[in-house]
Each structure stands twice: as structure tokens, then as C-alpha cells.
Amino acid sequence: MPKILIIEDDTAFCQMLQKFLTKNGFEVSIGFSIKEAEQHLASSTFDLILSDVRLPKGNGVTLLAQVKRDSPKTQVILMTGYAEVKTAVNAIKEGAFDYISKPFTPEAILGVIKEALKTEVTETQIAVKSSKKEPVEEKKPVGFLKGQGEKSKKLQQYVELVAPTNMSVLLTGESGTGKEVTANSIHLASKRSNKPFVAVDCGAIPKEIATSEFFGHVKGSFTGAIDDKKGHFEAANGGTLFLDEVGNLSYEHQVQLLRAIQERKIKRVGSTQEIQVDIRIIAATNENLLEAVEEGNFREDLYHRLNEFSIEVPSLRDRREDILLFADYFLARANTELDKNVLEFSEETKNILHKYDWPGNLREMKNVIKRAVLFSPTETMFPNALADEVVDGANKGHEVNFSRSDFEKERILSALKQTNFNKSKAAKLLQVTRKTLYNKINQYQLDV
């Protein structure tokens with residue numbers, strides 16, 4: 001049985017990953033810090049180490065060097081965020097087998113692990129890796145799901161068209177449509193993909209500290225400035241700065257932002273030194289910025305600076321061809337996060353998901369599916385696991401009868417099929433007594 005060590009400071013995620021891999025036949029140990037990793041490594045040998053890049057008081061790349069020194073045949077896979085791709089690619093040059101970007105599906109991580117365990121690290125390969133750092137082809141992180149409908153294809157076409165340029169992009173669309181994911185996909189398809197992607201929620205920054213957040217500050221520049229701080233512009237240098245809900249910026253900070261974008265220079269609060277920055281700006285809003293310009297709430301010159309290329313991210317109700325595709329994606333994610341094994345949607349559930357208008361778009365769907373996975377006791381998700389407002393919203397305006405009896409009949413038939421029509425096992429799967437199951441079979445006159 002292959003031995004795996006997981007190093008991840010997100011306790012809940014780490015434990016869920018441990019359970020998932022244990023179910024798939026691995027002996028799994030876990031640690032939440034570099035120190036705990038070193039303790040495990042001192043007392044045991046592992047076939048594979050799965051480590052987050054960012055860890056308390058250290059990082060996965062530092063750990064990699066130690067592993068390759070003390071146990072060179074141990075494979076190492078790094079888990080990264082979007083902004084850490086360059087770090088992960090460099091880690092491959094230092095001997096890591098691969099990296100995988102969060103969020104990932106259970107199938108994705110399992111595939112990478114199995115591939116790593118199949119690949120033997122020979123002494124020759126170790127010598128080559130330590131003496132000759134060959135260029136590594138940079139992969140695009142897993143996590144952006146392309147739709148198949150016309151609106152989705154048009155969105156992807158625009159992304160591919162503008163990504164290789166340095167044009168500023170303004171993403172418009174309703175809240176929850178995936179504007180940050182779209183911004184990420186532009187960054188990852190650009191020439192800046194190896195540099196940082198820094199996302200900033202302009203609506204969440206208090207007005208009093210916005211200047212410091214964007215441009216940084218020097219120690220002692222104001223009360224509470226106990227250390228030098230790098231702002232978002234510096235953090236994104238060489239890469240992409242994503243300004244979400246840019247319409248929420250105050251007029252004063254719009255002026256500062258315009259100057260920084262025009263001159264590509266910034267000054268930290270309390271400093272006279274100018275810092276040159278090379279960044280690409282992608283902004284997003286769910287407001288009508290042209291109306292804000294006409295009303296005097298948003299600077300026209302800043303609007304035109306941000307809007308060199310505009311992309312509207314369509315709502316989920318306008319991408320109905322892709323609703324079940326996205327639902328399957330969120331189902332896989334929810335199974336991993338909740339350590340569940342819900343494999344499919346029933347036909348009635350699919351109908352409800354397809355007909356519901358999704359006012360909260362992809363963000364709402366993610367939450368709805370996750371909740372429904374939690375409430376699903378079987379491998380098939382039935383409508384009674386969905387929130388009432390989703391079922392009621394889907395039924396509104398449609399002559400469809402999603403009755404309780406229809407739900408029960410489908411659940412019973414599905415459980416019987418899963419257990420090869422073993423009624424005792426089916427009753428256990430449905431979490432009812434055998435007598436109740438027999439009564440239901442007779443009540444609905446099921447041919448079993």
C-alpha cells in the first residue's frame with residue numbers, strides 16, 4: 001500500500017483529502033506545518049508527498065529541497081493557487097514531479113498521484129535533475145471550465161483574442177457570473193502567465209486604508225504602520241492586477257488609480273521614492289459605468305483607460321446549454337470538500353436545475369449543489385435534497401408536477417438498481433426499514 005504524506009495548513013481540506021485517498025487504497029499521514037512534516041519524515045519514509053506551496057513559517061518548495069536531499073526517490077506534488085504557478089514550475093525544475101492548482105476535482109488529484117507513483121525516479125534522473133535544470137513546459141492550472149453553448153463559445157473567443165495583448169479589459173455582468181475566473185483565464189492565456197495574478201475587491205477595502213492597500217506604505221508613515229508594506233500594484237508587478245467591483249472606488253482613489261495606470265509609477269505612503277511597475281489591468285463591475293460617468297460618480301478618463309476591450313460575462317440563465325455541465329463540475333467539487341460520494345443527478349433534479357433562473361448565477365449554483373450534496377444520502381441526488389426556493393423557482397411558470405410521490409418512486413428504483421434489487425440492502429441505502437420499503441413498493445405498484 002503506497003504511503004502518502006499530505007502537508008496542508010487548511011485543516012478541514014487536509015482531513016477530507018486524507019479520507020478520500022484512504023478510501024482509494026493509500027496509507028495517508030497528514031501534517032499542518034513544515035515542522036510537522038519534518039517530524040513525519042524523520043520517523044518514516046513515504047512514496048509520495050502532497051504539499052501546499054504556502055505553509056506556516058515556510059513553504060512547500062523549501063520542504064522539496066529537504067525531501068530530495070534525504071529521500072531522493074520520494075515523489076513530490078505541489079498544490080498551488082493561481083498566483084503561485086511560477087513557483088510551482090520552478091519547483092518542477094528542482095525535482096518536484098508535478099503541481100496541481102486549487103480547486104481540483106477528486107479525479108484530477110488521483111490521476112496525478114497515480115502517474116507519479118508509476119514514474120520511478122532513478123539515480124540517473126536524480127543526478128540529471130540536480131546538475132541540469134532543463135526548461136519545463138508550463139501547464140495551465142486546472143479550474144477554469146469552458147462551456148459548450150454559443151454564449152460560452154463567444155466568451156472564450158473574446159478571451160483568446162485579447163489574452164495575448166497588453167490591453168486593459170473591462171469585464172461586465174451580473175454578480176456571481178464568474179468574472180474573476182474569466183480574468184484568471186485571460187491572465188493564464190497571456191504572456192504574463194508566469195507572473196502574479198493579484199485580485200482585489202475594491203468594494204471591500206475601507207476608504208481610510210485604500211491608498212496603502214494599493215500602493216503600500218513605509219514603516220512609521222502612519223499610526224499602525226509598524227513595518228514596510230508592499231501594495232497590490234507592487235505585488236502584481238510583471239503580472240495582472242484584477243480590480244473587482246471597480247465602480248465602488250471613491251473619486252479620490254479613482255484619481256490615484258488613473259495616475260498609476262497612466263504613468264506606471266507608484267509611491268508608497270510616506271515615501272518620496274517612485275517605483276516603476278509593469279502590470280496589466282483587468283477590471284470588473286456589475287454596474288453600468290457609463291451611467292455612473294454621466295452622473296458624475298465615475299471619472300470618464302479612468303473609464304476609457306480601463307475599457308480598452310470590453311467583455312460581457314453572460315448570466316447562467318443565458319447559458320442554459322451549459323447548466324448541467326457546470327452542475328457536474330460543482331458536484332465533483334462538493335464531493336471532495338464534503339467527503340461524499342454523490343455520483344449523479346436524477347432526471348427530475350436535472351429538469352429543476354435546467355429550468356431554474358439562477359439569479360445568483362454560478363456562485364449560487366455552487367452553494368446550492370454543495371448543500372444538496374450534504375443532504376443526499378444516496379449516490380443519486382433527488383429533488384428533495386435541493387433548497388425549496390430552487391424547486392419552487394423551477395416550477396414557477398412551468399406545468400411540471402414534481403410531486404413527493406415521484407421523488408420517492410425514483411429514489412426507490414435507483415436504490416434497488418444500485419443493490420441489484422436486493423431489498424434489504426436497498427432499505428439500508430434509503431435509511432428506512434425493510435417493512436417501509438415493502439409498503440412503498442406496494443403503494444406505488446412498482447414492478448421489481
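Visitor: How much area does the protein expose, and what share of it do carbon and sulfur atoms supply?
Guide: The model is predicted, with local features needing pLDDT of at least 70 and side-chain atom pairs pLDDT 80 or more, while totals for chains, interfaces and linings use all residues. Residues are numbered from 1 along each chain as its sequence is written, and side-chain values use heavy atoms, without hydrogens and water. By the Shrake-Rupley method with a 1.4 Å probe, the exposed area is about 22500 Å², and the carbon and sulfur share is 48%.

Visitor: What percentage of the 448 residues counts as buried?
Guide: Buried means under 20% relative accessible area (1.4 Å probe, protein chains only). Of the 448 residues, the buried share is 47%.

Visitor: Which helix gives the most residues to the largest nonpolar core?
Guide: A nonpolar core is a set of buried Ala, Val, Leu, Ile, Met, Phe, Trp, Tyr and Cys residues joined through side-chain atoms within 4.5 Å. The largest has 30 residues, and the elements supplying at least two each include β9 (197-201), α9 (210-215) and α11 (251-263). Helices here are DSSP runs of H or I, at least four residues, and strands are E runs of at least two, numbered from the N terminus. With four residues, the top contributor is α11.

Visitor: How many residues of helix α8 are buried?
Guide: Helix α8 spans residues 179-188 and is mostly covered. Its buried residues, among them Ile 186 and Leu 188, pack against elements including α7 (150-162) and β14 (309-312). Of the ten residues in α8, the buried ones number eight.

Note on methods:
Buried means under 20% relative accessible area, exposed over 50%, partly exposed in between (1.4 Å probe, protein chains only). Contact means heavy atoms within 4.5 Å.
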